[in-house]
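Open the model in your viewer and keep the sequence panel beside it. Each stop below gives a selection and then what is found there.

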Amino acid sequence: MDQGAFFIYADNAATTKMSRAAIDAMLPYMESAYGNPSSLYRLGQEAKEAIENARARVAACLGCEAREIYFTSGGSEADNQAIRSAALNGAKKDKKHLISTAFEHHAVLHTLKQLEKEGFEVTLLDVGSKGLVTAEQVKAALRPDTALVTIMFANNEIGTVQPIREIGAVCREAGVPFHTDAVQAAGHLPIDVRADNIDLLSLSAHKFHGPKGCGVLYARRGFPLRNLIEGGAQERNRRAGTENVPAIMGLAAALEEACAGMDARAEKLNALSKRLIAGLRKIPYAELNGDEFQRLPGNVNFCFEGIEGESLLLLLDDKGIAASSGSACTSGSLDPSHVLLAIGRPHEVAHGSLRLTLGEDATEEEVDYIIRAVTEVVTYLRNMSPFWRDLTTGKRPHVFAEFEV
Ligand SMILES: *Cc1c(COP(=O)(O)O)cnc(C)c1O
């Protein structure tokens with residue numbers, strides 16, 4: 001697509017551009033080594049060996065064994081399989097209680113909703129105004145009949161990072177399986193499934209410069225994984241269907257690349273977000289969403305009073321900035337983001353949210369351009385808004401202070 005002379009992609013939490021290394025790792029498996037890994041001739045065995053090599057490399061990035069890695073069609077499938085497996089295992093022992101949080105990705109929340117209809121009981125922990133849960137909250141919610149705790153590593157909208165290791169320790173002590181949706185964290189934050197006490201973990205290639213439609217479910221050795229998809233014997237009988245060999249190769253290359261450059265990138269992105277947050281805070285009646293420090297590098301999410309998120313996005317697009325309001329999954333629906341409601345934002349403010357997720361090649365100049373553009377667009381939209389007039393004339397009370405302290 002021709003983006004014109006000027007284009008800033010600031011929606012890396014929705015998806016990322018594929019890296020050269022990931023594309024290069026995929027091409028041979030489309031052009032020449034295209035065999036079916038289940039075939040016995042050399043062309044097939046070549047593909048099979050490539051997958052096993054990718055599995056070992058992914059395992060090394062996560063600190064586990066290759067046989068604990070299952071390739072899936074993405075983060076959503078991995079979340080579904082992890083949660084359904086633990087629920088089925090629990091139900092066999094009459095354990096039908098599941099613990100999660102109110103601001104999970106819909107791949108988790110909708111699976112839990114469905115399980116509720118199937119007779120499970122779900123406790124959703126409060127994430128507070130900062131968008132953080134504590135291990136103590138998890139401990140207090142555990143019951144003798146708890147079958148699973150599932151808590152996301154980092155939130156996809158507001159970027160807050162949870163104390164995963166402590167939560168994992170509480171679950172391990174209680175003997176309850178712990179799943180984490182690490183789709184936003186993988187390749188961006190250090191993960192060591194052993195040290196972090198994680199039994200089940202989901203990740204997705206397209207969130208760290210790999211291809212779309214490919215993910216991983218890590219399941220700790222001995223955890224009885226259940227099939228979502230029945231068929232052939234692929235993935236040690238746990239996920240039927242001919243393997244997406246090129247995508248698996250792209251995933252492994254992208255994950256290795258992301259993990260190798262993680263610290264330097266995080267440092268750069270943290271400095272850029274700090275600059276962006278400081279700039280946007282100069283806009284009156286605006287607040288940062290989620291804890292300022294316990295967040296993903298490059299994630300900046302604000303609410304502006306008197307603004308419709310959709311109009312803001314369209315006008316920013318005209319200025320060459322690709323951003324999002326809420327998450328990619330909630331746009332197109334008129335409901336405000338469940339994440340912003342979970343941190344206690346009132347409906348009228350939750351509608352006026354903006355998520356900017358910077359990529360590693362962003363510059364200070366681009367950040368300054370974003371600050372100018374958002375300031376201009378917010379001012380323009382407020383000047384046309386009858387709702388804003390009510391706020392300025394005192395007909396309606398402000399939700400935020402003029403400036404955050
Ligand atoms: C993107 C995302 C998913 C879904 O992953 P897909 O590979 O797109 O299915 C799940 N959880 C979180 C936190 C995400 O950001």
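Select Gly-63, the residue that follows helix α3. Its phi is positive, near 80°. Bear in mind throughout that this is a predicted model.

Now step back into α3 itself, residues 42-62. The helix has 21 residues. From its first C-alpha to its last, α3 reaches 30 Å, close to the 30 Å expected at 1.5 Å a residue.

Color the buried residues of α3. They are Gly-44, Ala-47, Ala-50, Ile-51, Ala-54, Arg-55, Val-58, Ala-59, Cys-61 and Leu-62. Which elements do these buried residues pack against? Show three strands: β2 (69-72), β7 (200-204) and β8 (215-219). Then add the helices α2 (28-31), α8 (234-237) and α9 (245-260).

**Two positive phi values**

Most residues other than glycine have a negative phi. The next two selections depart from that.

Stay with α8 and pick Asn-237, which is placed in that helix. Asn-237 is not a glycine, yet its phi is positive, about 70°. Is Asn-237 buried, partly exposed or exposed? With a relative accessible area of 43%, Asn-237 is partly exposed.

Move to Asp-94, in the loop between α4 and β3 (97-101). Phi of Asp-94 is also positive, near 65°, and this residue is not a glycine either. Asp-94 counts as exposed, because its relative accessibility is 64% and the cut-off for exposed is over 50%.

**The ligand**

Next, select the ligand and the 13 residues around it. Which of them come nearest? Ser-76, Asp-181, Gln-184, Ser-204 and Lys-207 do.

Show side chains and check three distances. A polar side-chain atom of Ser-76 lies 2.7 Å from a ligand oxygen. For Lys-207, a polar side-chain atom is likewise 2.7 Å from an oxygen atom of the ligand. In Ser-204, an N or O atom of the side chain is 2.6 Å from a ligand oxygen. Turn on the surface here: on its own the ligand has 380 Å² of accessible area, and the protein covers 87% of that.

Color the shell by class. It has eight polar, three charged and two nonpolar residues. Which element gives the most to this shell? Helix α4 (residues 75-92) does, with three residues.

**Two buried loop residues**

From the ligand shell, go to Met-152. It sits in the loop between β5 (146-150) and α7 (164-174). Is Met-152 buried or exposed? It is buried, because its relative accessible area is 1%, and buried means under 20%.

Leaving aside residues up to four places away in sequence, Met-152 touches Phe-103, Glu-104, His-105, Gln-162, Ile-164, Thr-180 and Asp-181. Asp-181 was one of the residues nearest the ligand. For a sense of scale, draw a line from Met-152 to Leu-272: they are 120 residues apart along the chain, and their C-alpha atoms are separated by 25 Å.

Last, select Asp-196, in the loop between β6 (178-181) and β7. At 4% relative accessibility, Asp-196 counts as buried. Its contacts, again without residues up to four places away in sequence, are Phe-153, Ile-164, Arg-165, Gly-168, Pro-190 and Ile-191. Ile-164 also appears among the contacts of Met-152. Finish with the distance from Asp-196 to Arg-20: 31 Å, C-alpha to C-alpha, for two residues 176 apart in sequence.

Methods: Residues are numbered from 1 along each chain as its sequence is written. Side-chain values use heavy atoms; hydrogens and water are left out. A residue is near a molecule or strand if one of its heavy atoms lies within 4 Å of it. A polar contact is a pair of N or O atoms within 3.5 Å; within protein, one must be able to donate a hydrogen and the other to accept it, and residues adjacent in sequence count only if both atoms are side-chain atoms. Accessible areas come from the Shrake-Rupley method with a 1.4 Å probe; for residues, only the protein chains shown count as cover. Helices (H or I, at least four residues) and strands (E, at least two) are DSSP runs, numbered from the N terminus. Ala, Val, Leu, Ile, Met, Phe, Trp, Tyr, Cys and Pro count as nonpolar, Asp, Glu, Lys and Arg as charged, and the others, Gly among them, as polar. The expected span of a helix is 1.5 Å times one less than its number of residues. Buried means under 20% relative accessible area, exposed over 50%, partly exposed in between (1.4 Å probe, protein chains only). Contact means heavy atoms within 4.5 Å.
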